[in-house]
Amino acid sequence: MNERFEKTDRVFFILSLIILGAFFVMAALQLAGIFKLTYNVEYPCGFRLVTGFYCPGCGASHSLTSLIDLHIIDSFLYNPFVPYVLLCALLFVVTNTIALIRKKNYLHFRMLYVFIGLGILLGQWIIKNILMLVGITYS
């Protein structure tokens, strides 16, 4: 393997493992009935209280809960950034694990993935706020 995997790719490989591990632990605890992730939070969004607009993260808790319950379309509609991050982490870990075992080429981290994620995050934020301005509310 070249040095690139030893640096940037290794960091993102470990970060992806942490993201996936946390997701699977939450999913297992929720499915076992030990822990229930809820989006009925007592504290409202500070951004929304101050500005009256949705924040870029609005819908992330709904999205994560829907994803754990395997409602993938609902998860995407609440906040498409959450399934995007989990999909990227899953692809990065699976692809690179197979490549490391076979000692073949592996998937490199690219800044393009970050820019796509930021585009998704900002795009859904803008769309939700435009819909709110024309009277279509988001739950």
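## An all-helix chain: a short briefing

Among contacts in the protein between residues at least 6 apart in sequence, 65% join residues at least 24 apart. Welcome to this predicted model, in which six helices and zero strands make up the elements. Read from the N terminus, the order is α-α-α-α-α-α. The points below start with the whole chain and then turn to the helices, one buried glutamine, a nonpolar patch and a few loop residues.

**The chain as a whole**

- Of the 139 residues in the protein, 30% are buried.
- The accessible surface comes to about 9,200 Å², and carbon and sulfur atoms hold 72% of that area.

**Helix α5**

- Helix α5 covers residues 81-102, 22 residues in all. From its first C-alpha to its last it reaches 31 Å, close to the 32 Å expected at 1.5 Å a residue.
- Its buried residues are Val-82, Pro-83, Tyr-84, Leu-86, Ala-89, Phe-92, Val-93, Asn-96 and Ala-99.
- Just after α5 comes Lys-103, with a positive phi near 55°.

**Helix α6**

- The 23 residues of α6 should span 33 Å at 1.5 Å a residue, and the end C-alpha atoms are indeed 33 Å apart, so the two values agree.
- Buried in α6 are Gly-117, Leu-121, Gln-124, Lys-128, Asn-129 and Met-132. These buried residues pack against α2 (46-51), α4 and α5.
- Gly-135 follows α6 and has a positive phi, near 100°.

**Gln-124, a buried residue of α6**

- Gln-124 sits in helix α6. Its relative accessibility is 7%, so it counts as buried, the cut-off being under 20%.
- A polar atom of the Gln-124 side chain lies 2.6 Å from the backbone oxygen of Pro-56. The backbone oxygen of Leu-121 is 3.2 Å from a polar atom of that side chain.
- Leaving aside residues up to four places away in sequence, Gln-124 touches Pro-56, Cys-58, Tyr-78, Asn-79 and Pro-80. Pro-56 therefore appears both in this list and as the partner in the 2.6 Å pair, a cut-off of 4.5 Å between heavy atoms defining contact.

**The nonpolar patch on the surface**

- Phe-47, Phe-53, Leu-122, Ile-126, Ile-127, Ile-130, Leu-131, Leu-133, Val-134 and Ile-136 form a nonpolar patch on the surface. Together they have about 920 Å² of accessible area.
- Helix α6 (residues 111-133) gives the most to this patch, with six residues.
- One of the patch residues is Leu-122, which is found in helix α6. Leu-122 counts as partly exposed because its relative accessibility is 41%, between the limits of 20% and 50%.
- Helix α6 thus takes part in both settings: it holds the buried Gln-124 and also contributes six residues to the nonpolar patch.

**Loop residues worth a look**

- Leu-70 lies in the loop between α3 (60-68) and α4 (72-78). Its phi is near 65°, a positive value in a residue other than glycine.
- With a relative accessible area of 68%, Leu-70 is exposed.
- Arg-110 is found in the loop between α5 and α6, and at a relative accessible area of 40% it is partly exposed.
- Arg-110 and Thr-8 are 102 residues apart in sequence, yet their C-alpha atoms are 9.6 Å apart in space.

How values were computed: Residues numbered from 1 in each chain as written. Predicted model: local features only at pLDDT ≥ 70, side-chain atom pairs only at ≥ 80, totals over all residues. Heavy atoms only, no water. Patch = residues over 30% accessible without salt bridge, like charges linked within 9 Å, V, L, I, M, F, W, Y side chains within 5 Å. Areas by Shrake-Rupley, 256 points an atom, 1.4 Å probe, with all protein chains shown as cover. Salt bridge = Lys/Arg side-chain N within 4 Å of Asp/Glu carboxyl O. Helix = DSSP H or I, 4+ residues; strand = E, 2+ residues; numbered from the N terminus. Buried < 20%, exposed > 50% of the residue type's maximum accessible area, 1.4 Å probe, protein only. Polar contact = N/O pair within 3.5 Å; in protein donor to acceptor, adjacent residues only side chain to side chain. Expected span 1.5 Å × (residues − 1).
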